[in-house]
Amino acid sequence: MKVVVDMNKCQDHGQCVFAAPDVFQLDDAGHLVFVSEPDEALRTDVEDAADVCPLQAIRVEDTTP
Amino acid sequence: MTGRIAVAGASMGGLRAAEQLRAAGWAGEITVFGDEPHMPYNRPPLSKEALAGETPFASLALTPRASAADVVWRLNTTVTGARLTERVLELDGGERSGYDGLVVATGTRPRRLRCAGPSGPGSGRHTVRTLDDAHGLREELIPGARVVVIGAGFIGCEVAATAAGLGVAEVTVVDPEPLPMLRPLGAPLARELLRRHELRGVRFALGRGVTGLEGARRISGVLLADGSVLPADVVVEAIGSVPGTGWLEGNGLDLSDGVLTDAHLRVVAHGEAVPEVVAVGDAARFPNARYDAVARRVEHWSIPGDTARCAARSLVAALTGAERDPAPFAPLPTFWSDQHDFRLQSFGAPGLGTADIRILDGDLTGDVVAGYHTADGRLTGVVALGGRGAAALAARHRARLLQQPALTDPAPTPATV
Ligand SMILES: Cc1cc2nc3c(=O)[nH]c(=O)nc-3n(C[C@H](O)[C@H](O)[C@H](O)COP(=O)(O)OP(=O)(O)OC[C@H]3O[C@@H](n4cnc5c(N)ncnc54)[C@H](O)[C@@H]3O)c2cc1C
Ligand code: SF4
């Protein structure tokens, strides 16, 4: 699974951080940092994070094995 | 698993419901009926970035999860009625459509002013709910335009800020309340909100309602209760919303403000839950076990997702005999609003804690976080006002909100508040 965030859209709302704290974090300056290829076990969390992003900036892509 | 779930309303609530039905294990048919011509799209930018022209309208479409790929979308289709005992929907054109399970996701429509005056296309009179509404308004927010926004709630304040940013000649917000967003925010933040808007060129006519609209075919002015007239080329009505639940009439439901549900989002008919009919999003009036037993509608963007998850589980359990999640629905409401260069970010239910508002962080004229408490000192919500950093400040209090006991629990000892 690959996580893509459109950084032109992202406005650092941080909602994704509450949904998937293992994947998304805000750094000290309040800007988003994230793991781009998280473990498959985190899929539900990541999909929830994509749902709750107010800017709908997060895309979850399937990586071909 | 066979059978068919019908979803009425093809916006965020309808989409999230379809996705969560799949997540809850429903493998049967799902058909979504929606009266708009568009696939579900994101509404918040309609009063902000998209209205400002910064985000193209085409980019607002919500991307359905892969699991929802086989959902049938019946757009341009109005649900005109329902026979819940027969499990049948009535569609415009006279078609009847049977279902095994039903999701109510018909949201709200703008409340309209009850006064005569020009109306319809070309009249200069607008509301902002749909993509088409926003398109129409955008075309008229041109340099030289005198804009009057009726209603100082969040949509009115956002539209006023966007219009001011587009360089229209003047923007005035009218409201019978003495401050903008007074009810959700309480006086301290509402007063500061007013100051920030005025500083950025938005005018306010507060403490006075609208009694009439002037003009023949096109708006020329707005008449206020004190007899004064605000000249206007464009009027935006942002005076709240009306739930789109009229089509459910005649089924013994409580439709007094949206459709009443139980703690599992099942609609209630004649005092009893109807297990195969659930409601989500802006149209649902549900109790939140985090607070108390009072059912409320919550028009926050976070609610369609939260309600869809709980409602889908209830519905799939009812249709398949699977075990139902016994936990009552207890979401932490989340809300934001962008106006000019600042953001409001709220967590919890500040409206339940306006008895005692305290500044928790920062100061009112910069980045500030206010805490909302009941008369006996319980924190019900926090609201931040300021730059992007303010939202992060508010988030620091979110964990504490999640740990608060329900309002109906015995009063906590002061040390735990
Ligand atoms: C301009 C604007 C800005 C907003 N900004 C914010 C914000 O900054 N932050 C925030 O938290 N929230 C915001 N919101 C609120 C948020 O967008 C709503 O809470 C959310 O859209 C609710 O989704 P819903 O699917 O329940 O209802 P809706 O989006 O209202 O969808 C209901 C759908 O059902 C359709 N429908 C209605 N009746 C029928 C029928 N009989 N038959 C068929 N279809 C029908 C409607 O046309 C509509 O497409 C904003 C809303 C608007 C309008
Ligand atoms: S929720 Fe969306 S906007 Fe907010 S930080 Fe995450 S990706 Fe960015």
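Which backbone N or O atom lies 2.8 Å from a nitrogen atom of ligand 1? The one to look for belongs to B:Trp336. The legends below take you there and then on to the neighbouring chain. Please keep in mind that this is a predicted model.

**View 1. Polar atoms of chain B meet ligand 1.**
Start with B:Trp336, whose backbone places an N or O atom 2.8 Å from a nitrogen atom of the ligand. Now find B:Glu36: here a polar atom of the side chain lies 2.6 Å from an oxygen atom of ligand 1. At B:His300 the backbone takes part, with a polar atom 3.4 Å from a ligand oxygen. On its own, ligand 1 has 1,000 Å² of accessible area, and the protein covers 98% of it.

**View 2. A shell of 33 residues surrounds ligand 1.**
Those that come nearest are B:Gly13, B:Asp35, B:Glu36, B:Arg43 and B:Lys48. You can sort the shell by character: 12 residues are nonpolar, 12 are polar and 9 are charged. Four elements of chain B each supply at least two residues, namely H1, strand S8 (108-110), helix H4 (154-165) and S23. The largest share, 3 residues, comes from H4(B).

**View 3. Chain B and chain A come into contact.**
Chain B brings 19 residues to this contact, and chain A brings 14. About 1,500 Å² is buried between the two chains, with carbon and sulfur atoms giving 44% of that area. Three residues are worth finding on the side of chain B: B:Arg65, B:Trp301 and B:Arg388. Together they supply 32% of the area that chain B buries against chain A, more than any other three residues.

**View 4. Salt bridges and polar contacts link the chains.**
How many salt bridges are there between chain B and chain A? The count is 5. One to zoom in on joins the side chains of A:Asp51 and B:Arg65, at 2.9 Å from N to O. Between the chains there are also 9 residue pairs in polar contact. On the side of chain B that touches chain A, two or more residues come from each of helix H1 (12-23), strand S23 (334-339), strand S24 (342-348) and helix H8 (388-395). The residues on that side divide into 9 charged, 5 polar and 5 nonpolar.

Methods. Residues numbered from 1 in each chain as written. Chains lettered and ligands numbered in written order. Predicted model: local features only at pLDDT ≥ 70, side-chain atom pairs only at ≥ 80, totals over all residues. Heavy atoms only, no water. Contact = heavy atoms within 4.5 Å. Buried area = accessible area lost by both parts, 1.4 Å probe. Salt bridge = Lys/Arg side-chain N within 4 Å of Asp/Glu carboxyl O. Polar contact = N/O pair within 3.5 Å; in protein donor to acceptor, adjacent residues only side chain to side chain. Nonpolar A, V, L, I, M, F, W, Y, C, P; charged D, E, K, R; others polar. Near = heavy atom within 4 Å. Areas by Shrake-Rupley, 256 points an atom, 1.4 Å probe, with all protein chains shown as cover.
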